[in-house]
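Welcome! Here are a few short exercises to work through with the structure beside you. Try each task before reading its solution.

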Amino acid sequence: MNTRKLLTAIAAISLASLVSAGASAEEYQGVLQFSSTASRADVHAQATDVARSADPYAEGASAGVPVAVASLADRASIRAEAVAAAHAGNLYGDGASTSVPSRSATGFARITVRSGA
């Protein structure tokens with residue numbers, strides 16, 4: 001008896017799903033007809049140009065070699081800025097202040113430890 005009720009319920013659910021799927025179906029509009037003024041040779045030439053050009057949607061490693069940007073600054077000034085930044089320490093670390101750490105006579109930075117946080 002339970003099997004009969006179960007099969008009846010399954011049949012009712014499947015029938016209801018088929019009816020609801022049929023109600024939301026779209027109508028067939030037929031095959032779209034396109035009319036173009038370009039000749040086959042023109043379309044083929046355009047397709048060849050696009051196929052050989054770079055992919056404008058490429059990302060990351062598939063994007064290829066990036067274009068080198070010419071810098072207006074000379075090598076010495078960039079190196080001096082890098083050295084100054086490296087000597088400044090971690091400006092974003094815990095307890096960092098806006099001042100640059102001072103240097104001792106030996107050339108090493110003095111480190112002060114704060115007690116008690």
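**Exercise 1: Cover and helix α2**

α2 is hardly covered: among its 13 residues, the number that count as buried is zero. Keep in mind that this is a predicted model.

Task: work out what span helix α2 should have, and compare it with the model.

Solution. Start with the extent of the helix: α2 covers residues 40-52, which makes 13 residues. Next, take 1.5 Å times one less than the number of residues. The expected span is therefore 18 Å. Finally, look at the end C-alpha atoms of α2: they lie 18 Å apart, so the two values agree.

**Exercise 2: Helix α3 and what follows**

Task: repeat the check for helix α3, then find which residue just after α3 takes a positive phi.

Solution. Helix α3 takes in residues 75-87, again with 13 residues to count. At 1.5 Å a residue they should span 18 Å, and the end C-alpha atoms are 18 Å apart, so this helix agrees as well. Just after α3 comes G89, with a positive phi of about 85°.

**Exercise 3: A patch on the surface**

Task: decide whether L6 is buried or exposed, and say which residues form a nonpolar patch with L6.

Solution. L6 sits in helix α1, residues 2-23. Its relative accessible area is 52%. Exposed means over 50%, so L6 is exposed. L6, L7 and I10 together form the nonpolar surface patch, with about 310 Å² of accessible area.

**Exercise 4: The whole chain**

Task: describe how the chain is built and how confident the prediction is.

Solution. The chain has three helices and zero strands. Of its 117 residues, 1% count as buried. The mean pLDDT is 74; confidence is lowest in α1, at a mean of 73, and highest in α2, at 92.

Key: Residues are numbered from 1 along each chain as its sequence is written. This is a predicted model: local features need pLDDT of at least 70, side-chain atom pairs count only at pLDDT 80 or more; totals for chains, interfaces and linings use all residues. Side-chain values use heavy atoms; hydrogens and water are left out. Helices (H or I, at least four residues) and strands (E, at least two) are DSSP runs, numbered from the N terminus. Buried means under 20% relative accessible area, exposed over 50%, partly exposed in between (1.4 Å probe, protein chains only). Patches are made of residues with over 30% relative accessible area and no salt bridge: like charges are joined within 9 Å, nonpolar side chains (Val, Leu, Ile, Met, Phe, Trp, Tyr) within 5 Å. Accessible areas come from the Shrake-Rupley method with a 1.4 Å probe; for residues, only the protein chains shown count as cover. A salt bridge is a side-chain nitrogen of Lys or Arg within 4 Å of a carboxyl oxygen of Asp or Glu. pLDDT is the predictor's confidence in each residue, from 0 to 100.
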